[in-house]
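User: I am new to this structure and would like a close look at a single part of it. Please take me through the open sheet and whatever packs on it.

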Amino acid sequence: MKEDIDYELGKELFSKVSKKFTPQNAKSIELLVSYQGHEVPSVGGMLLFGKSEKRNEVFPNAMIRCARFKGKSKVNFIDQLDVYESLPLAAEIVLGFVRKHSMVGYEIESVRRKEVFEYPPQVVREAVINALVHADYSVKGSNIQIAIFDDRIEITNPGALPFGLSLETAISGFSQLRNKVIGRVFRELNLIEHWGTGLGRMIEICQDQGISEPLFEEIDNYFKVTLFHGAKSAQISEKWEEQIVKYLNEEKEITPKQAQQIWNVTSRTTTTRLKKMSEKGLIVEVSTGPYDPYKTFVKPRKQPRNI
C-alpha cells in the first residue's frame with residue numbers, strides 16, 4: 001500500500017536539492033502505481049523509499065555487502081559492513097565505507113588540509129551509483145558486493161548489461177536503464193549527472209590522472225567494475241630523499257625531528273624537503289592539520305623507484 005512509502009525520508013532527501021516531495025509527485029515519478037484500484041509502491045518506489053521492514057521483506061536481496069580484505073584475495077577480511085538502507089542512503093553509506101579504507105593521508109595546501117585517496121573519488125562514486133541503478137534486484141540469493149583489496153576495488157552487481165547493449169556501446173555513451181524509476185530519482189537527487197556517460201567518464205578521469213583504466217566485465221549474469229590502485233610510481237632524484245625512503249623501509253613512520261637529525265639540517269630546510277617529498281608522492285603526511293605537533297610521515301602503498 002502507499003503507506004509503505006517513507007514520505008519523511010523522501011522529503012528530507014529532496015529538500016537537500018531544493019525540491020519538494022509529496023504523495024502527488026511520488027505518483028508522477030512512478031514511485032506509486034495503480035494496482036486493482038489501489039495505489040501501491042512500484043518496484044523502484046519500494047527500493048528507493050520503502051519503509052525498512054516492508055522493503056526488506058519484499059526485496060531481501062536488496063542489500064549491499066561491503067568488505068575490506070587483507071592482501072589481494074578474499075581469504076581474510078579486516079572489516080565488513082552489510083547495508084540494508086534505502087538506495088539513496090545506501091549509496092552514501094557505501095561511499096563512506098570505501099573512503100574509510102582508501103584514504104592514505106593528507107596534502108597541506110596553504111592553511112587547508114586536503115584528503116588524499118588511493119582511488120579517484122569521482123570514479124568510485126560513478127562505479128557505486130552505476131551498480132545501484134543497474135542491478136537486477138530480482139535475482140534471488142545475489143546482492144551488490146563491494147570488495148576492497150590492497151591493490152584494487154571490485155564492485156559487482158547482479159544483472160548483466162540489458163539485452164542488445166554491448167560493453168563497447170555502453171562505454172561509448174549509450175545507456176539502457178534496467179530500473180528507470182531508480183535512475184530518474186537518482187538524477188532528481190543529483191546522484192546522476194548525465195545519462196550514459198558514467199563508464200566513459202570513469203575511463204577519462206583515470207586517463208587524466210595517469211592511472212590504470214577501470215576494467216569492465218560481464219561474468220555470467222553479473223557486471224563487475226575493477227578499479228586499480230591510484231598511487232603513482234614516484235622517482236627518487238636526490239640522495240636526501242633516498243635516506244628517508246630507506247628509513248621508512250625499516251620503520252613504520254618518521255617524524256620531522258627524526259628527519260632533521262638524519263639530514264643534519266635546519267628545521268626550516270627539513271620542512272621544505274618533507275613538503276617536496278610529499279608532493280612527489282615519496283611519502284604521505286599523517287596529521288590533523290598543518291600545525292599538528294604529532295605529525296608523522298609514512299611511505300605510500302606503492303614503493304618509489306630509483307632512476
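Analyst: What follows is a walk through the sheet, its edges, the helices on it, and then a few spots elsewhere for context.

Keep in mind that this is a predicted model. Start with the whole chain. The protein chain has 307 residues, and 47% of them count as buried. It holds 12 helices and 14 strands. Its accessible surface comes to about 16900 Å², with 49% belonging to carbon and sulfur atoms. Take the contacts in the chain with a separation of 6 or more. Residues 24 or more positions apart account for 58% of them.

Now the sheet. Six strands form an open sheet in the order E4-E3-E7-E8-E10-E9. The pairing is mixed. In general, strands of a sheet pair through backbone hydrogen bonds, either parallel or antiparallel. Which strands stand at the edges? They are strand E4, residues 77–83, and strand E9, residues 215–219. Each has a single partner strand, so one side of each is left without a neighbour in the sheet. On average, neighbouring strands of this sheet are turned by 15° against each other, direction ignored.

Look at the E4 edge. Strand E3 covers residues 64–69 and runs antiparallel to E4. Six bridges join the two. One bridge pair can be picked out by name: Cys-66 has Leu-81 in E4 as its partner.

Two helices pack on this sheet. Take helix H5, residues 87–100. H5 touches E3 and E4, and also strand E7 (144–148) and strand E8 (152–158). The direction of H5 makes about 170° with that of E4. Helix H6, residues 121–134, packs on the sheet too. H6 touches E3, E7, E8 and strand E10 (222–228). Its direction makes about 15° with that of E8.

The loop between E3 and E4 holds Asn-76. Is Asn-76 partly exposed or buried? Its relative accessibility is 44%, so Asn-76 counts as partly exposed. Leaving aside residues up to four places away in sequence, Asn-76 touches Phe-69 and Lys-70.

Go to the other edge. E9 and E10 run antiparallel, and five bridges join them. Phe-216 stands opposite Val-225 in E10. E9 and E10 form a hairpin with two residues between the strands. There, Asp-220 takes a positive phi near 55°. For background, most residues other than glycine have a negative phi.

Back to the helices. How do H5 and H6 meet? Their axes come within 10 Å and cross at roughly 145°. H5 passes H6 in a right-handed crossing. From H5, the contact is made by Leu-87, Ala-91, Glu-92, Val-94, Leu-95 and Val-98. From H6, Val-124, Arg-125, Val-128, Ile-129 and Leu-132 take part.

H6 deserves its own paragraph. It has 14 residues and reaches 20 Å from its first C-alpha to its last. That is close to the 20 Å expected at 1.5 Å a residue. H6 is mostly covered, with 11 of its 14 residues buried. The buried residues include Val-124, Val-128, Ile-129 and Leu-132, which are also among the H6 residues that touch H5. Glu-126, Asn-130 and His-134 are buried as well.

For context, step away from this sheet to another hairpin. Strand E1 (residues 32–35) and strand E2 (residues 38–41) run antiparallel, joined by four bridges. Leu-32 stands opposite Pro-41 in E2. The hairpin of E1 and E2 has two residues between the strands. Gln-36 sits in this turn with a positive phi of about 50°, although Gln-36 is not a glycine. Gln-36 has a relative accessible area of 65%, so Gln-36 is exposed.

Glu-30 lies before E1, in the loop between helix H2 (23–28) and E1. Glu-30 is not a glycine, yet it has a positive phi of about 65°. Its relative accessible area is 43%, so Glu-30 is partly exposed.

One last spot is Lys-257, in helix H11 (residues 256–263). At 52% relative accessibility, Lys-257 counts as exposed, because the cut-off for exposed is over 50%. Thr-270 is 13 residues from Lys-257 along the chain. Their C-alpha atoms are separated by 8.4 Å.

Conventions:
Residues numbered from 1 in each chain as written. Predicted model: local features only at pLDDT ≥ 70, side-chain atom pairs only at ≥ 80, totals over all residues. Heavy atoms only, no water. Pairing = 2+ DSSP bridges. Axes fitted to C-alpha atoms, helices over the stretch in contact; angles between N-to-C directions. Contact = heavy atoms within 4.5 Å. Buried < 20%, exposed > 50% of the residue type's maximum accessible area, 1.4 Å probe, protein only. Areas by Shrake-Rupley, 256 points an atom, 1.4 Å probe, with all protein chains shown as cover. Expected span 1.5 Å × (residues − 1). Left-handed = near helix turned anticlockwise from the far one by under 90°.
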